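Trainee: Please take a close look at a single part of this model, the sheet, and begin with a cysteine as the way in. I should be grateful for one connected account that then places this part in the chain as a whole.

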Amino acid sequence: MTAICHCSMCRRANAAPAVAWAMFQEQQVNFTGAHPKLYASSEQAQRGFCETCGTPISFSAAYIPGLIDLTIGSMDQPDTITPQFHYWHSKHLAWAEFADTLPRHPEFPPLAEA
């Protein structure tokens, strides 16, 4: 699943109006070199970032067990991964409207649609 998140937590954690994510099964992800430093952003979620430069890299949470989101912008070839929809669009910033035709979910999308 690939998507653009508009929730306030992602916006603040990434200092951006929205964040593009690609979701994978945890066993599909293998970091080379140093693993991301983890920060507990809430009781049920943690965010990973580069300890050297601070780049936001990952998100995992209790409500999506076994899955990990990776920031598309932190990848070596971000143009090869296209978001499929927007979520938490009910929280989007009015001045940051994307000019695309992707579906928009007011909150987290049903996982069956992924």
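Mentor: C50 is partly exposed, with a relative accessible area of 21%; on the scale used here, buried means under 20% relative accessible area, exposed means over 50%, and partly exposed lies in between, with a 1.4 Å probe and protein chains only. The model is predicted, so local features need pLDDT of at least 70 and side-chain atom pairs count only at pLDDT 80 or more, whereas totals for chains, interfaces and linings use all residues. Residues are numbered from 1 along each chain as its sequence is written, and side-chain values use heavy atoms, with hydrogens and water left out.

A disulfide is a covalent bond between the sulfur atoms of two cysteines. The criterion applied is a pair of cysteine sulfur atoms within 2.5 Å, and by this rule the count is 0 disulfides. C5 belongs to none, its nearest cysteine sulfur being that of C7 at 3.6 Å. C50 is likewise in no disulfide, and the nearest cysteine sulfur, that of C53, is 3.6 Å away.

C5 leads into the sheet. At 1% relative accessibility, C5 counts as buried, and it belongs to strand β1, residues 2-5. Strands here are DSSP runs of E with at least two residues, helices are runs of H or I with at least four, and both are numbered from the N terminus. In a regular strand the side chains alternate between the two faces of the sheet. Strand β1 has both faces covered: T2 and I4 are buried on one side, and A3 and C5 are buried on the other.

Next comes the pairing, for which two strands must share at least two bridges found by DSSP. Strand β1 pairs with β2 in the antiparallel sense over 4 bridges, and the bridge partner of T2 in β2 is A22. Strand β1 also pairs with β7, here in the parallel sense over 3 bridges, with I4 opposite H86 of β7. Strand β2, residues 19-25, runs antiparallel to strand β6, residues 67-71, and 5 bridges join the two. Within β2, W21 faces T71 of β6.

These pairings belong to an open sheet of 7 strands in the order β3-β4-β5-β6-β2-β1-β7, with mixed pairing. The edges are β3 (37-42) and β7 (85-87); each has a single partner strand, so one side of each has no neighbour in the sheet. From one strand to the next the twist averages 30 degrees, where axes are lines fitted to C-alpha atoms (for helices over the stretch in contact) and angles run from 0 to 180 degrees between N-to-C directions.

The edge strand β3 can be examined through S41, which is found in it. At 23% relative accessibility, S41 counts as partly exposed. Leaving aside residues up to four places away in sequence, S41 touches M9, Q46 and R47, a contact being heavy atoms within 4.5 Å. S41 and F31 are 10 residues apart in sequence and 21 Å apart in space, C-alpha to C-alpha.

As for the chain as a whole, it has 1 helix and 7 strands, and from the N terminus on the elements run β-α-β-β-β-β-β-β. Of the contacts with a separation of 6 or more, 46% are between residues 24 or more positions apart. Buried residues make up 35% of the 114 residues. The C-alpha trace spans about 35 × 30 × 30 Å along its principal axes. For 114 residues a compact globule would have a radius of gyration near 13 Å, and the 14 Å of the chain agrees with this; the radius is taken over C-alpha atoms, and the globule rule is 2.2 Å times the number of residues to the power 0.38.

Charged side chains complete the account. A salt bridge requires a side-chain nitrogen of Lys or Arg within 4 Å of a carboxyl oxygen of Asp or Glu, and the count by this rule is 2 salt bridges. One joins E97 and R104 at 3.3 Å, N to O, and R104 also meets D100 at 2.8 Å, N to O. Through shared partners, E97, D100 and R104 form one network. Its members are partly exposed: E97 at 43%, D100 at 28% and R104 at 27%.
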